[in-house]
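Please walk through this model with me, beginning with a pair of cysteines and moving outward to the helices, the chain as a whole and the nonpolar cores.

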Amino acid sequence: MDETPATLPVPDVDDLEDLFENAPCGYASALPNGRISKVNRTLSTWLGHPAKDLVGSRFLDLLNIAGKVYYETHFAPMLRMQGYFDEVALDLVRADGTTLPVLVNAVVRKDEAGGVRFIRITVFNASDRRRYEREMLEARRVSEQATVALLELNLTLEARVADRARALDRAWRLSPDLLAIADAQGTLLAVNAAWTDLLGWEAADLVGQGFAEFTHPDDLEPTRAALGRIMTTPLVEPYEYRLRHIDGTYRLFAWTGAFEDGQIYATGRHTTVEHEQAAALVQAEEALRQSQKLEAVGQLTGGVAHDFNNLLTIIRSSVDFLRRPDLPEDRRTRYMDAVSDTVDRAAKLTGQLLAFARRQALKPEMFEVGERLRGVADMLDTVTGARIRVTTEIPDEPCFVMADVSQFETALVNMAVNARDAMNGEGTLTLRVNHTGNLPPIRGHAAAPGLFACVSLTDTGSGIAADQVARIFEPFFTTKEVGKGTGLGLSQVFGFTKQSGGDVEVESEPGRGTTFRLYLPKIIGDACELPAVLRDDKSFPSGEGQCVLIVEDNVEVGRFATQILEDIGYRTTWAANAEEALEKLGADGAGFDVVFSDVVMPGMGGIALAKTLQRRLPNLPILLTSGYSHVLAQDGLHGFELLHKPYSADQLGRILGKVVPRSRN
Amino acid sequence: MVFAHGFGCDQNMWRFVAPAFEEHYRTIVFDHIGAGGSDLAAYEADRHASLDGYADDVVALCRGLSVVGGVFVGHSVSAMIGVLAAKKAPELFESLVLVCPSPRYLDDDGYVGGFTRRQVEELLDLLDTNYMGWSQAMAPSMMGNADRPELGEELTNSFCRTDPDIAKRFARTTFLADNRADLAGVEARCLVIQSSEDVIAPLEVGAYVHRHLANSELALLDATGHCPNLSAPAETIAAIQAFLRGPSRG
């Protein structure tokens, strides 16, 4: 009655019984022989066996076969040896054959003598826990698989990166172009094998060196500038400069590149060969032009030969008349004039032909179209023949263009030949110069602004069929019989006008005739800037008794020259060769005012003489003369005045008047 | 006198039996490779995939300890290991004591081993997730610490520590082995100790072993279970002593 609240109440037997029977875990007690002596209600309910049926059986009997083996090999031995065995995961077999996952703890209870009193077995329902374990294990398995997959993916990625790296490395190694990585100062950081192939340098020679080490000295400044630009703007338009080969020669490379992440990445294409090819192309074009010209020369030669025969006939018959002893003086004068005029004409023709055929590079120069047209009109006359009338309509106002004179004349000859054939040898060829102002639209090309001179050739021939107009400028296009023409003529005309910045237009009406119009860019300038052109001025200054030393190995020519010079007021002395001339001149010039010397002579010759005198007597004028223009073209005139043979008294007088001082004072 | 433990335990299982023979014998207890305090590094997966490998270990051990004409006491799978060792080196053992032996656990054509293949697979499965108790088996595999065996030290079950991986492979080797043919040609005297109720080595198996060992006696104990050396040490000792006092020792 007077129990204090602090005293623990004595456990109620019913309460303990309830705790044992209905605890949330199963209890079983086994005797030392392993037979079950007592189970609680919880365990018997889980197993579906009445408690009384379980008493007397062994715990082993509640297990599946695997559990039985485990019990025998592990559970029982451990229990025997250490007196307990905890946390054994086993499956108990229920009455209905299903299994119950459990965790089992067992402990041996001993009496004071150490003998086994009983074995206490505690059974926890592990259904949820086992499921949880399975899920955990499954999650872990998935995670491990993912790890493995990730690992494989990493390996795959690494392999891909390695593949890519290998591909890049291969591209780097196999590139035929120079590849380089350089720092911002232009120091090479990496180079590919092409450097060795193209320039002979090994990578070790290059890496760590500045680009300037291998750059042509003349290219250094522009290359530095290009390097500066690349820092801000990728180099897209190739920049070319020369790099030194290990053998000391230079090679051209066209570079592109960019500056990224603090480094310059650049590619250099070897262009030496391209330049060589371009030069070869220029040479081929040159050869084509030459053959086009030779074609024209061939055309000319026929006409010239024919004309020459006519001229020779005039000279021949005049000389025959002059041999007559009883020839009246006025007739003699007339025949002499005829011979003289005829020789002039012949000399002009051969001169033109030689100048025309001279091999020379394309050299644009400024010239006056009308004057040049007038100059070749005679030659065109010989090309077209006697039954074709050549007329020119040239305005008084001069018209200057910039073009190659030789090519211009060739073009005129080619068009004249074409006209002659179209007219079947009979008709009129009209040459005109017009100031048209600008370039009209031609063959689909838009009209071009700017001032153009128009040179037109109009024939009265058969015309060109409409379907052939488009093709006539093609090289080797010809309607002529085999052997009559190569078809290069009009293609030269086309090439010339295009190269000169102009164009050529053709207008044709079958049965009525054809007009070719050459358009050439006009030069707005002053005619005074042109080199002085010798006018056919009949008057020339006579000599004033100045002393001329004639050097000439040919007796006839020497005598002729002596006579002419004395006729026009000079005093003369004749030396037969250069050595003799030097002797006569002595150390002080011996009072001579001018030396008039042939070029091609036995001994030292005219050029060497002129050079010697120029050194020894620098104030003594020298005039050279020769019929061999090729010699002079080859060796050069060295600044000396030259008179072409054959020359007339007029020409000799005029040129001497120019080179000889008017007064010795 | 050499005592060899069976699958699932270590030399501790002889702690109630071996001392009884110390008075008359030099007794040797040892752990198979992978069990107890053995050197795990000595385990060779290929060599220990068959009982021959374990028998070689026994021969090497006994030669190293100069055992000649001794007594070999083997429990369970070690009974068969002893048979193999005795055939490899007949000079080692005069007598073999085979406690609960089985040359073949699987039932075979006309042979009763006690297990179907499915049951053995189920057993190996159970061992995978339950070796030496839930904590020791499950915790490492869930926590992923299988490579940190020191974590296994903190276990409630302190006897028969074994390497879990080797133990699993030992189980496979043990329960799938077939050494019936090796019973023939054993020269030593043999004692087959048969427990009266043993799910692992049933009576039929004991009878089979006895029948196929030329020079053998069979002792059927009152004890039940697979480990009479633990559950009934006195009866086991008595059976062995009776055998050792037998005819040959006169």
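In this predicted model, the sulfur of Cys100(B) has its closest cysteine sulfur in Cys227(B), at 7.1 Å, which is too far for a bond. A disulfide is a covalent bond between the sulfur atoms of two cysteines. Because a pair of cysteine sulfur atoms has to lie within 2.5 Å to be counted as a disulfide, the 7.1 Å between Cys100(B) and Cys227(B) rules that pair out. Cys100(B) is nevertheless buried, its relative accessible area being 0%. Over all chains, the count of disulfides by this rule is zero. Cys454(A) takes part in no disulfide either, the nearest cysteine sulfur, that of Cys399(A), being 9.6 Å away, and with a relative accessibility of 1% Cys454(A) counts as buried.

Chain B, to which Cys100(B) belongs, has eight helices and six strands, and read from the N terminus its elements follow the order β-β-α-β-α-β-α-α-α-β-α-β-α-α. Of its 250 residues, 55% count as buried, while the accessible surface of the chain comes to about 10300 Å², with 51% of that surface belonging to carbon and sulfur atoms. Among the contacts in chain B with a separation of 6 or more, 74% are accounted for by residues 24 or more positions apart.

Two helices of chain B can be followed in more detail. Helix 5, residues 164-176, has 13 residues that at 1.5 Å a residue should span 18 Å, and its end C-alpha atoms are indeed 18 Å apart. Buried residues in this helix include Ile166(B), Phe170(B), Thr173(B) and Phe175(B). Helix 3, residues 117-130, holds Leu126(B), which at 16% relative accessibility counts as buried. Once its neighbours within four places in sequence are left aside, Leu126(B) is in contact with Ala66(A), Gly67(A), Tyr70(A) and Ala89(A).

The largest nonpolar core has 113 residues, of which Phe59(A), Leu92(A), Phe93(B) and Leu96(B) touch the most other members. Helix 4 of chain A, residues 65-82, supplies the largest share of this core, with ten residues. Apart from that core lies another, of 41 residues, among them Val390(A), Ala403(A), Ala419(A) and Val506(A). Returning to Leu96(B), and again leaving aside neighbours within four places in sequence, its contacts include Phe72(B), Val83(B), Val186(B), Leu191(B) and Phe243(B).

In chain A, helix 12, residues 405-422, has 18 residues and reaches 26 Å from its first C-alpha to its last, close to the 26 Å expected at 1.5 Å a residue. This helix is mostly covered, with 16 of its 18 residues buried. What caps its N-terminal end? The cap is Asp404(A), a side-chain oxygen of which lies 2.8 Å from the backbone nitrogen of Gln407(A). Just after the helix, Asn424(A) adopts a positive phi of about 55°.

A last site in chain A is Ser597(A), which lies in strand 20, residues 594-598. Ser597(A) is buried, with a relative accessible area of 1%, and, not counting residues up to four places away in sequence, this serine touches Val551(A), Gly606(A), Leu609(A), Leu623(A), Leu624(A) and Thr625(A).

Technical notes:
Residues numbered from 1 in each chain as written. Chains lettered and ligands numbered in written order. Predicted model: local features only at pLDDT ≥ 70, side-chain atom pairs only at ≥ 80, totals over all residues. Heavy atoms only, no water. Helix = DSSP H or I, 4+ residues; strand = E, 2+ residues; numbered from the N terminus. Buried < 20%, exposed > 50% of the residue type's maximum accessible area, 1.4 Å probe, protein only. Contact = heavy atoms within 4.5 Å. Areas by Shrake-Rupley, 256 points an atom, 1.4 Å probe, with all protein chains shown as cover. Expected span 1.5 Å × (residues − 1). Core = buried A, V, L, I, M, F, W, Y, C linked by side-chain atoms within 4.5 Å. Polar contact = N/O pair within 3.5 Å; in protein donor to acceptor, adjacent residues only side chain to side chain.
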